[in-house]
Amino acid sequence: MDSETIELRGHIIDSLILPKVLDQILTHGANFKITEINIGKKRADQSFARIEVSAETGEALDELILRLRQQGAEVMERANAQVAVAPADGVFPRDFYVTTNQQTFVRFDGKEIEVRPAIINSAIALDRKNSTARAVKFFDVNQGDEIVVGHQGVRVVPVQRAATHTDLFQFINTTVDADEPKSAIIRGIGDELRRARAAEGKIAIVVGPAIVRTGADRHLLRLIEAGYVDRLFAGHLFAAYDVERALFGTSLGMNPDLAFARGGHENYLRAINTIREAGGIAEAVQQKILTGGILHAGVHHEVDIVLTGGIRDEGPMPGVTTDMIEAQKTMRTKLADVTHVILLATVRHSLAVASMLATDVKTVCVDIDPPAVERAIEHQPLQSIGLVTDVEPFLRELADCLGESGARG
């Protein structure tokens, strides 16, 4: 059998790193022997483990070691990363290293370089001249770029539980089901947002059309006016519904306060046409054509609004990015300095944004569909809360909790 020795260090017990590593070894039919282990005696103390891992073949061992590295394991041999050139624009060399969204370092010329930004499902491009490493997507790579291959010389630092205080996100770290109480958690989220605003953190809200259709938009409006939204991510459909509600009192012909509303599908198209005629959302606000709604408040309070389109969209309205590659680039740029994200009732947008977040971004996902919540928060270990509930009561209670204090002028 082939074997290799790995090391784990940090809060490997309370962060469940050691159990995850041992589970990976056993799941892949390999064996382990813990040759040394030192467990911290106090909450702030770090632990250390040295483990000999063995597998039937060298290929199986290499694949397993790669998975263990992604859990934070370090191989005792301090080797440099291996690279190969990209054979063409948009093509990675074979056996390229596939990244996680965990903090990652590559070893080059005897020193470690942090990979920036931390992006899941990417490759690592190494710039020897500037001694930098960056995560790249297919559309970012050019022929001749040096790309890290294999797992040698790559070190991953997983997120670990806080050792000094109890953090709501790390304490929950799960999905709160529809039949479980949520008020205390929502109050805790409100306290976290207050701290984020006081520390000049960046709060992003990702919203779906249900925000408007359920009448939850009035509560989101309160959050914007109170200064708790720095970035707003949405699709064209949300934008169209929001404008339709502001102009005609309906969203796709429906009003949450009326059993029957006039206009039907026509109002939806007329709303899009009105914004196209004005030249854009900001222009419609400036011309006082659009005088209410979420987008109006976003423009008025200088919220960064990022709108992306889909293949079924009507119009679309000006300001909606329909090129998916450009949309990805814009979203990554706008998410780069975000510290907190709230994903509200939008499966596709939530999954897209969640896949672009670093592991230190605190994330809340609210949706009535349990699998949607679980998928959205699975990439944020120890930093996420999922709530299975209707979005309207969640936003209402959160807005009530935060109140109207500290509103922007």
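Is Arg396 buried, exposed or partly exposed? Arg396 is partly exposed, with a relative accessible area of 36%, where buried means under 20% relative accessible area, exposed means over 50%, and partly exposed lies in between (1.4 Å probe, protein chains only).

Before selecting anything else, note that this is a predicted model, in which local features need pLDDT of at least 70 and side-chain atom pairs count only at pLDDT 80 or more, while totals for chains, interfaces and linings use all residues. Residues are numbered from 1 along each chain as its sequence is written, and side-chain values use heavy atoms, with hydrogens and water left out.

**Stop 1: salt bridges**

Stay with Arg396 and add Glu392 to the selection, since the side chains of these two residues meet in a salt bridge at 2.6 Å, N to O; a salt bridge is a side-chain nitrogen of Lys or Arg within 4 Å of a carboxyl oxygen of Asp or Glu. Arg396 and Glu392 are 4 residues apart in helix 14 (residues 391–402), so about one helical turn separates them; helices (H or I, at least four residues) and strands (E, at least two) are DSSP runs, numbered from the N terminus. Glu392 counts as buried, at 18% relative accessibility. Select next Glu7, Arg9, Glu36, Arg50 and Glu74, which are joined into one network by salt bridges that share partners.

The structure holds 19 salt bridges, and two further pairs can be picked out. In the pair of Glu146 and Arg128, the side chains meet at 2.5 Å, N to O. Glu146 lies in strand 10 (residues 146–149) and Arg128 in the loop between strand 8 (123–127) and strand 9 (132–136), so this salt bridge ties together parts that are 18 residues apart in sequence. Arg128 is partly exposed, with a relative accessible area of 42%.

The other pair is Asp217 and Arg245, whose side chains form a salt bridge at 3.6 Å, N to O. This pair links distant parts of the chain, with Asp217 in helix 6 (residues 217–225) and Arg245 in helix 7 (residues 236–248), 28 residues apart. Asp217 is buried, with a relative accessible area of 12%, and Arg245 counts as buried at 15% relative accessibility.

**Stop 2: two surface patches**

Select Asp177, Asp179, Glu180, Asp369, Glu374 and Glu378, which gather in a patch of negative charge on the surface. Patches are made of residues with over 30% relative accessible area and no salt bridge, with like charges joined within 9 Å and nonpolar side chains (Val, Leu, Ile, Met, Phe, Trp, Tyr) within 5 Å. Within this patch, Glu378 is found in the loop between helix 13 (370–377) and strand 19 (384–388), and Glu378 counts as exposed at 51% relative accessibility.

For the nonpolar patch on the surface, select Ile13, Leu26, Phe32, Ile34, Ile37 and Ile39, which have about 500 Å² of accessible area together; such areas come from the Shrake-Rupley method with a 1.4 Å probe, and for residues only the protein chains shown count as cover. Strand 2 (residues 31–38) gives the most to this patch, with 3 residues. Phe32 has its place in strand 2 and counts as partly exposed, at 33% relative accessibility.

**Stop 3: the cysteines**

The structure holds 0 disulfides, a disulfide being a pair of cysteine sulfur atoms within 2.5 Å. Cys365 is in no disulfide, and the nearest cysteine sulfur, that of Cys401, is 19 Å away. Cys365 counts as buried at 2% relative accessibility, whereas Cys401 counts as partly exposed at 21%.

**Stop 4: the backbone**

Most residues other than glycine have a negative phi, and most peptide bonds are trans. Select Arg116 and Pro117, which are joined by a cis peptide bond with omega of about -10°; Pro117 sits in the loop between strand 7 (111–114) and strand 8. Then move to Gly315 and Pro316, where the peptide bond is also cis, with omega near -10°, and where Pro316 lies in the loop between strand 15 (304–308) and strand 16 (320–321).

Asp109, in the loop between strand 6 (103–108) and strand 7, has a positive phi near 50° although Asp109 is a residue other than glycine. Finish at Lys288, in the loop between helix 9 (281–286) and helix 10 (294–300), where phi is positive at about 60° and the residue counts as exposed at 68% relative accessibility.

Key:
Lys and Arg count as positive and Asp and Glu as negative; His and the chain ends are not counted. The place of a charge is taken as NZ of Lys, CZ of Arg, CG of Asp or CD of Glu.
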